[in-house]
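Welcome, and take a moment to look at the molecule before reading on. The report below goes through its sheets, its helices and a few residues of note.

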Amino acid sequence: SWPCLGPGSCTPSQPHCLCTGTVEDALSYLDQVKLQFGSQPQVYNDFLDIMKEFKSQSIDTPGVISRVSQLFKGHPDLIMGFNTFLPPGYKIEVQTNDLVNVTTPGQIHHITPHGISVQNIPPTPHQSQLPAPVSSGAAPPPTQPSQKSKFNHAINYVNKIKNRFQGQPDIYKAFLEILHTYQKEQRNAKEAGGNYTPALTEQEVYAQVARLFKNQEDLLSEFGQFLPDANSSLLNLKDSSVAEASKVGTESLFFEKVRKALRSAEAYDNFLRCLVVFNQEVISRTELVQLVLPFLGKFPELFTWFKNFLGYKEISHLESYPKERATEGIAMEIDYSSCKRLGFSYRALPKSYQQPKCTGRTPLCKEVLNDTWVSFPSWSEDSTFVSSKKTQYEEHIYRCEDERFELDVVLETNLATIRVLETVQKKLSRMSAEEQAKFRLDNTLGGTSEIIHRKAIQRIYGDKAMDIIDGLKKNPAVSVPIVLKRLKLKEEEWREAQRGFNKIWREQNEKYYLKSLDHQGINFKQNDTKVLRSKTLLNEIESIYDERQEQASEENGTPPSGPHLTFTYEDRHILEDAAALIIHHVKRQTSIQKEDKYKIKQIIYHFIPDMLFSQRGALSDAEEEEDEEDMELDEGGSKKHNGLAEAGSAGSPPKSKLLFSNSAAQKLRTCDEAYNLFFVNNNWYIFLRLHHTLCSRLLRLYAQAERQIEEDIRERDWEREVLGLKRDKNDNPAIQLRLKEPMDIDVEDYYSAFLEMVRNLLDGNMEASQYEDSLREMFTIHAYIAFTMDKLIQSIVRQLQHIVSDEICVQVTDLYLSESSSGSTGGTLSTQSSRTTAETAYQRKAEQLMSDENCFKLLFMKSRENVQLTIELLDTEEENSDEPVEAEVSCDCVLSTTPHNLQNCNKIFLCVHQSHERVSTRLHQRFQAWVDSWVKEHVTREMASDTTKWLMGEEREGFIPCKTTCHHETLHFRNINKYRVNYNSSYKTP
């Protein structure tokens with residue numbers, strides 16, 4: 001930072017120092033250096049480094065002058081300008097660009113490119129007798145530490161700004177430009193004397209710096225100390241808060257005293273809020289004094305200082321007027337929660353409450369008006385009832401209505417005062433001059449209210465309102481025409497402003513009206529994204545499965561079998577709309593191969609309708625022709641279930657074929673009661689869940705569109721029959737009130753227009769915000785379920801891509817197709833028992849195929865016109881892992897013995913015990929099947945007969961005579977034969 005600078009700052013202990021006239025000169029010089037070397041910022045930094053070295057006494061005053069002269073070589077104006085900061089006896093003279101003379105007490109330094117030469121000056125007698133220059137024998141002027149510290153503070157402040165905004169040089173440059181402009185204006189004003197008014201005042205400088213240093217309260221408060229005139233306008237700062245302004249200038253001492261006197265941070269904050277309300281011109285100066293009276297009334301010295309600072313003068317006749325809302329503070333202190341209730345939203349005022357005076361009431365008013373019950377709604381914004389909170393769009397609507405109401409109150413109050421004064425003016429026009437001189441007005445100013453007209457005049461005349469009211473009362477003949485003219489001018493001005501505000505309010509109402517009604521759409525998109533995740537869908541059914549297992553373990557029973565989830569397809573015709581949207585998006589995906597797209601179309605148009613007992617969709621003409629060609633493949637090419645044809649002998653490329661051409665489910669469409677069975681993996685399960693969600697949402701919007709059509713027809717018929725009116729489609733009240741724009745779409749076309757908008761949204765031809773607004777206009781508060789329609793369809797397409805490309809998914813489809821030919825995938829409900837064995841075999845194959853992931857049993861059941869989808873998560877782990885279970889149990893129990901793990905071990909042991917019989921039976925059947933196949937392949941009938949005779953001990957040549965007995969036992973839930981051999985007594989039993 002720069003060393004201490006100031007006139008007369010040289011002391012005996014500090015013989016070498018720099019001085020200056022004003023702080024503005026130092027800032028101006030820094031500004032000139034910055035602008036001169038704008039393209040060479042290093043020069044400016046070197047200059048600041050020289051000042052830092054001088055402050056640390058690393059160099060003396062001649063050294064500073066020498067280095068500054070070398071640094072600013074070629075810029076004589078900067079070198080000569082440095083004379084401003086030199087103490088008496090020091091002077092810099094620029095002879096040429098290469099020669100600089102520096103005069104110091106007793107010496108002259110000649111600075112040239114070749115070096116520095118020193119020339120001694122012989123002292124004069126007067127100089128030899130006096131230790132320091134004096135004037136007329138007077139004592140040397142005392143040092144000025146305050147000004148010296150101010151300048152040092154200024155330079156430190158500039159350096160602080162530079163360091164604070166190192167990464168934002170534009171802010172630092174803008175700050176210097178503000179100072180440069182202000183200093184230039186000040187110099188022009190000084191040179192012109194009193195004939196020039198600066199264009200930039202200190203208040204404006206402070207406002208510009210406040211905007212520049214936003215969120216930098218320390219820099220802003222410190223800057224205010226350099227602007228004494230700005231400090232005096234503390235309460236007129238509009239862009240900065242009173243809390244910031246309280247730190248500026250000399251008033252900071254007052255605020256510090258107030259803070260200590262109140263002893264409470266909350267009370268001090270409330271005091272500052274009063275000042276904020278005054279700054280916003282909500283209350284007058286008199287009202288501000290009344291507001292701060294509870295805070296400063298106990299401290300007369302502080303209160304007197306505050307009133308003097310405001311320029312507040314107490315007028316005795318003010319007390320003759322009734323105080324507005326004198327009991328408001330008392331009303332705010334009432335504990336309404338303990339008062340008598342009436343319903344949920346009203347509380348009775350306590351009997352101790354003093355009612356405000358009302359002079360304009362008639363007996364009828366006293367009879368019918370409410371003075372007891374106060375509105376105290378339980379859905380207040382301070383309530384913890386979350387669902388009662390207003391949305392941001394409702395806040396906009398409410399704010400517009402509040403602003404409209406406030407302006408209406410102002411206009412009506414002003415108009416009422418105009419009417420009263422016009423009546424007074426007419427009365428005066430019929431009086432003589434003497435009668436007019438004697439005529440006086442009371443506190444009501446010729447009307448019936450003491451408050452309304454006084455507030456209208458105060459709103460226009462501000463602090464001078466009491467003088468104006470006093471003039472109206474004492475000399476109405478002169479003052480009434482003047483005040484009336486002023487009121488009428490304001491009436492015209494405010495009416496014009498109202499017309500401008502009406503346009504703004506209308507635009508805001510049109511923008512936020514429909515959104516304000518949509519409470520569920522605010523959070524629906526975010527929540528729906530989580531709900532439709534694959535992990536969420538899997539966790540949903542797994543949690544239900546775990547709950548059943550835990551319940552069975554607690555009851556020591558077998559877990560109940562049956563579906564974990566059940567869904568209903570209420571309208572099968574909606575499948576066509578869902579299929580059209582899905583295929584529309586599939587066609588536009590470049591990442592999906594053409595063959596995979598064809599398989600997806602078959603799943604959507606053929607397989608899904610078959611499963612749901614609905615009419616198949618039609619493929620395009622080109623695809624149908626390709627299907628016919630696929631059905632006529634040469635004998636050399638065999639077909640596979642996954643849709644690929646093996647290359648024939650001619651080497652023709654493989655083609656796709658119809659996957660579900662001979663599906664058994666297709667034949668069940670005409671049956672009244674039938675079912676389809678399908679065992680699937682995770683991808684199929686997620687796809688079907690998302691597909692059902694898509695169908696259900698499309699159906700809801702279709703039903704809503706139908707309801708709106710019926711309501712519109714019913715309303716038109718009623719108006720035509722009862723009222724005899726024929727209403728146009730754009731005669732809706734909301735459209736007439738300009739709450740929303742008229743629509744070009746008829747009610748009958750809402751659903752089809754919605755489908756087209758979804759296609760445009762998927763193609764990127766429509767913005768999401770425009771899509772949502774259009775839906776709100778058509779379906780109002782019911783539109784929110786379609787906000788994520790594009791995300792839902794994209795998720796479905798991703799799952800379909802897995803289904804046609806992943807190996808396990810293809811195998812699941814192949815298994816279904818192979819089992820469909822044997823009647824294992826469903827049929828009529830009346831013949832279900834005859835397919836139990838085949839369906840069990842199908843289930844066993846599916847569990848073996850999906851042993852590494854979840855296996856789901858899907859059952860599509862048709863009962864008359866209703867179709868239900870039931871989903872059951874099968875326990876494939878117990879069926880396919882017996883020994884690994886035991887290993888997992890021992891591992892878990894050895895690694896940790898916490899209560900939670902012990903509980904898990906107990907559950908595992910229970911599961912192992914319950915599945916022991918099934919596992920043993922399955923393993924025996926597997927082993928027996930292998931033995932039978934091996935015997936059939938390697939053992940003849942003769943070999944089997946000889947082995948049986950040998951085992952039973954029948955006499956054979958060359959064998960020891962013996963007798964074999966057979967005992968039947970049960971081991972591991974299986975019947976076994978146990979053989980025992982008995983030899984003759986002449987031989988020992990082995």
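Two strands pair if DSSP finds at least two bridges between them. Helices (H or I, at least four residues) and strands (E, at least two) are DSSP runs, numbered from the N terminus. What you see is a predicted model, in which local features need pLDDT of at least 70 and side-chain atom pairs count only at pLDDT 80 or more, while totals for chains, interfaces and linings use all residues. Residues are numbered from 1 along each chain as its sequence is written, and side-chain values use heavy atoms, with hydrogens and water left out.

**The chain as a whole**

The secondary structure comes to 38 helices and 14 strands. Of the 990 residues, 37% count as buried; buried means under 20% relative accessible area, exposed over 50%, and partly exposed in between (1.4 Å probe, protein chains only). A contact means heavy atoms within 4.5 Å. Among the contacts with a separation of 6 or more, 64% are between residues 24 or more positions apart.

**The sheet of five strands**

A good place to start is the open sheet of 5 strands, whose order is E8-E12-E11-E9-E10 with antiparallel pairing. E8 and strand E10 (826-828) stand at the edges with a single partner strand each, so one side of each has no neighbour in the sheet. On average, neighbouring strands of this sheet are turned by 15° against each other, direction ignored.

Which strand of this sheet is mostly covered? It is E12 (residues 866-874), where 7 of the 9 residues are buried. E12 pairs with E8 (residues 565-569) and with E11 (residues 855-863), as the table shows. E11 and E12 form a hairpin with 2 residues between them, and Arg864 in the turn has a positive phi of about 60°.

Here are some strand pairs of the model, each with a pair of residues that stand opposite each other.

| Strand pair | Bridges and sense | Opposite residues |
|---|---|---|
| E8 and E12 | 5 bridges, antiparallel | Phe567 and Leu869 |
| E11 and E12 | 9 bridges, antiparallel | Met861 and Gln868 |
| E9 and E10 | 3 bridges, antiparallel | Asn676 and Gly826 |
| E6 and E7 | 3 bridges, antiparallel | Ala348 and Trp373 |

A helix belongs in this picture too. Helix H34 (residues 836-849) lies across E9, E10, E11 and E12, and runs at about 25° to E9. Here and below, axes are lines fitted to C-alpha atoms, for helices over the stretch in contact, and angles run from 0 to 180 degrees between N-to-C directions.

**The sheet of three strands**

The last row of the table belongs to another open sheet, with 3 strands in the order E5-E6-E7 and antiparallel pairing. Its edge strands are E5 (341-342) and E7 (373-375), each of which pairs on one side only.

**Two pairs of helices**

Helix H30 (residues 750-763) packs with helix H31 (residues 768-779) at an angle of about 170°, and their axes are 11 Å apart. That makes H30 roughly antiparallel to H31. The terms work like this: angles under 35 degrees count as roughly parallel, over 145 as roughly antiparallel, 65 to 115 as roughly perpendicular and the rest as oblique. On the H30 side, the contact includes Tyr750, Phe754 and Leu761, and on the H31 side it includes Tyr771, Leu775 and Phe779. By class, this contact of H30 with H31 has 12 nonpolar, 1 polar and no charged residues. (Ala, Val, Leu, Ile, Met, Phe, Trp, Tyr, Cys and Pro count as nonpolar, Asp, Glu, Lys and Arg as charged, and the others, Gly among them, as polar.)

Next come helix H21 (residues 465-474) and helix H22 (residues 476-517), whose axes come within 6 Å and cross at roughly 130°. H21 and H22 are therefore oblique to each other. Ile468, Gly471, Leu472, Lys473 and Lys474 of H21 make the contact with Pro476, Ser479, Val480 and Val483 of H22. These residues divide into 5 nonpolar, 2 polar and 2 charged.

**Two residues with positive phi**

Most residues other than glycine have a negative phi. Phe613 has a positive phi of about 60° although it is not a glycine. Its place is in the loop between helix H26 (594-611) and helix H27 (621-631). Is Phe613 buried or exposed? Phe613 is buried, with a relative accessible area of 1%.

Thr780 also has a positive phi, near 50°, and sits in the loop between H31 and helix H32 (789-805). At 35% relative accessibility, Thr780 counts as partly exposed.
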